[in-house]
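Hi,

Here is the structure I promised to pass on. Have a look first, and my notes follow below.

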Amino acid sequence: MTQQMYRDGAALILKYNRDVILLYRDNNPDLLYPNHWSLIGGGIEEDESPIEAAVRECQEEINITPLNVQPLEIADFNGIKIHVFIGHYDSLDGICLNEGQAYGVFQPKATLHLPLAFNAEDLLRRWVIEQ
């Protein structure tokens, strides 16, 4: 049996006004956490920095370039290092869903009651407390 190796990742808490934009993952049993809400993000490519990965994932997943992206923390998900950033976008007009079933715009505290993928619940809880 071969062990699948995962690369470090980047995740983005994307703010819209005072709300946060999340993605609803596909209903695919081959995915980790199908039918769960998640932060925008994914693996860091070999030739990019974590912040470049966060921006690229946002462009790939919802077709926008986030503004004022800043590092928030480095988190651990089952031994995988996740570089977490916070950024914002000032319009929903440019969003075009390229991955997942949907995107949603939520008040920060409301995100804590959603089925969340990966360790997004812990990340969002710490971020909400700081708001």
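Asp76 has Lys81 in E6 as its bridge partner. That bridge sits in a predicted model, where local features need pLDDT of at least 70, side-chain atom pairs count only at pLDDT 80 or more, and totals for chains, interfaces and linings use all residues. Numbering runs from 1 along each chain as its sequence is written, and side-chain values use heavy atoms, with hydrogens and water left out.

Strand E5 (residues 67-77) runs antiparallel to E6, with eight bridges; strands count as paired if DSSP finds at least two bridges between them. The two make a hairpin with two residues in between, and Asn78 in that turn has a positive phi of about 50°. Helices (H or I, at least four residues) and strands (E, at least two) are DSSP runs, numbered from the N terminus.

Now the aromatics. Rings of Phe, Tyr and Trp (its six-membered ring) pair if their centres lie within 6.5 Å; planes under 30 degrees apart are stacked, over 60 edge-to-face, and the rest tilted. That rule gives five aromatic pairs. Tyr24 and Trp37 make a tilted one, 4.8 Å centre to centre with 50° between the planes. Tyr24 is in strand E2 and Trp37 in strand E3 (residues 37-38), so this pair ties together parts 13 residues apart in sequence. Phe106 joins Tyr24 and Trp37 in one aromatic cluster.

Phe77 and Phe118 pair edge-to-face, at 5.2 Å centre to centre and 85° between the planes. They link distant parts of the chain, 41 residues apart: Phe77 is in strand E5, Phe118 in the loop between helix H2 (108-111) and H3. Phe77 is buried at 13% relative accessible area, whereas Phe118 is partly exposed at 33% (buried is under 20%, exposed over 50%, partly exposed in between; 1.4 Å probe, protein chains only).

What about disulfides? The whole structure has zero, counting cysteine sulfur pairs within 2.5 Å. For Cys58, the nearest cysteine sulfur is that of Cys96, 12 Å away. Cys58 is buried at 0% relative accessible area, while Cys96 is partly exposed at 37%.

Phe118 turns up again in the largest pocket: with Arg25, Gly41, Gly42 and Gly43, Phe118 is among the residues closest to its centre, out of 34 that line the pocket. E4 gives the largest share of that lining, four residues. A pocket here is an open set of points on a 1 Å grid over the protein atoms alone, where a 1.4 Å probe fits, with protein on both sides within 12 Å along at least five of seven lines; lining residues have an atom within 4 Å of a point.

Cheers
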